[in-house]
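Hi,

Here is the structure I promised to send over. Have a look at it first, and my notes follow below.

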Amino acid sequence: MENIKFRAWEPNEKRYLTWEELQESTVQDVFRVFKLQQFTGLVDMNGREIYEGDILLDPSEPETFGMVGWMKDGTWSFWVFNEDAKDFSDGWFECLTSDVNSYCHIIGNNYENPNILAESV
């Protein structure tokens, strides 16, 4: 069985908390203040852990990237967007599979790098 892992974004300080800081936080802060992002169980082509909210790029198609999210059907997917789309509603979803580590790498995430998404619409 895989471990369930999270990272926590602190919106007031605009940074991710360390594991020690998260352990010292109140339950109220963890669920009401911080933005939790779950680990997918997958790594990118550089060995970095992929979390919900990460933005992935396929180097063979640099004009196309996607943001990782949890689908209602219980699968990890990424919302693909490319330069030909007018906005994110023109994108599509693609299921994340274990072979993601052979073709994608993380270029940012929705909290530290919102400009990646904003500049594309």
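E5 and E6 pair in an antiparallel way, with 3 bridges between them; strands here are DSSP runs of at least two residues, numbered from the N terminus, and two strands count as paired if DSSP finds at least two bridges between them. The two form a hairpin, with 6 residues between them. If you want a spot to click on, Leu56 has Gly66 in E6 as its bridge partner.

Before you go further, two notes on where this comes from. It's a predicted model, so local features need pLDDT of at least 70 and side-chain atom pairs count only at pLDDT 80 or more, while totals for chains, interfaces and linings use all residues. Residues are numbered from 1 along each chain as its sequence is written, and side-chain values use heavy atoms, leaving out hydrogens and water.

Back to E6, residues 64–70: 6 of its 7 residues are buried, so the strand is largely enclosed by the rest of the structure. Buried means under 20% relative accessible area, with a 1.4 Å probe and protein chains only. E5 (residues 54–57) also pairs with E9, antiparallel again, through 4 bridges. There, Asp54 sits opposite Asn109 in E9. E9, residues 105–109, is mostly covered too, with 4 of its 5 residues buried.

There's also an open sheet of 4 strands, ordered E2-E1-E3-E4, with antiparallel pairing. Its edge strands are E2 (15–16) and E4, each of which pairs on one side only. E3 and E4 are joined by 2 bridges, and Phe39 stands opposite Tyr51 in E4.

The residue I'd show you is Asp44, in the loop between E3 (35–43) and E4 (49–51). What does Asp44 lack, despite being buried? A salt bridge: the nearest side chain of opposite charge is Arg48, 4.9 Å away, and a salt bridge needs a side-chain nitrogen of Lys or Arg within 4 Å of a carboxyl oxygen of Asp or Glu. The Asp44 side chain does reach backbone, though: the nitrogen of Asn46 is at 2.8 Å, and the backbone nitrogen of Arg48 lies 2.9 Å from one of its polar atoms.

Beyond its neighbours within four places in sequence, Asp44 is in contact (heavy atoms within 4.5 Å) with Ile50, Asn101, Cys104, His105 and Ile106.

Shout if you'd like to go through it together.

Cheers

Key: Buried < 20%, exposed > 50% of the residue type's maximum accessible area, 1.4 Å probe, protein only. Lys, Arg positive; Asp, Glu negative; His and termini not counted. Polar contact = N/O pair within 3.5 Å; in protein donor to acceptor, adjacent residues only side chain to side chain.
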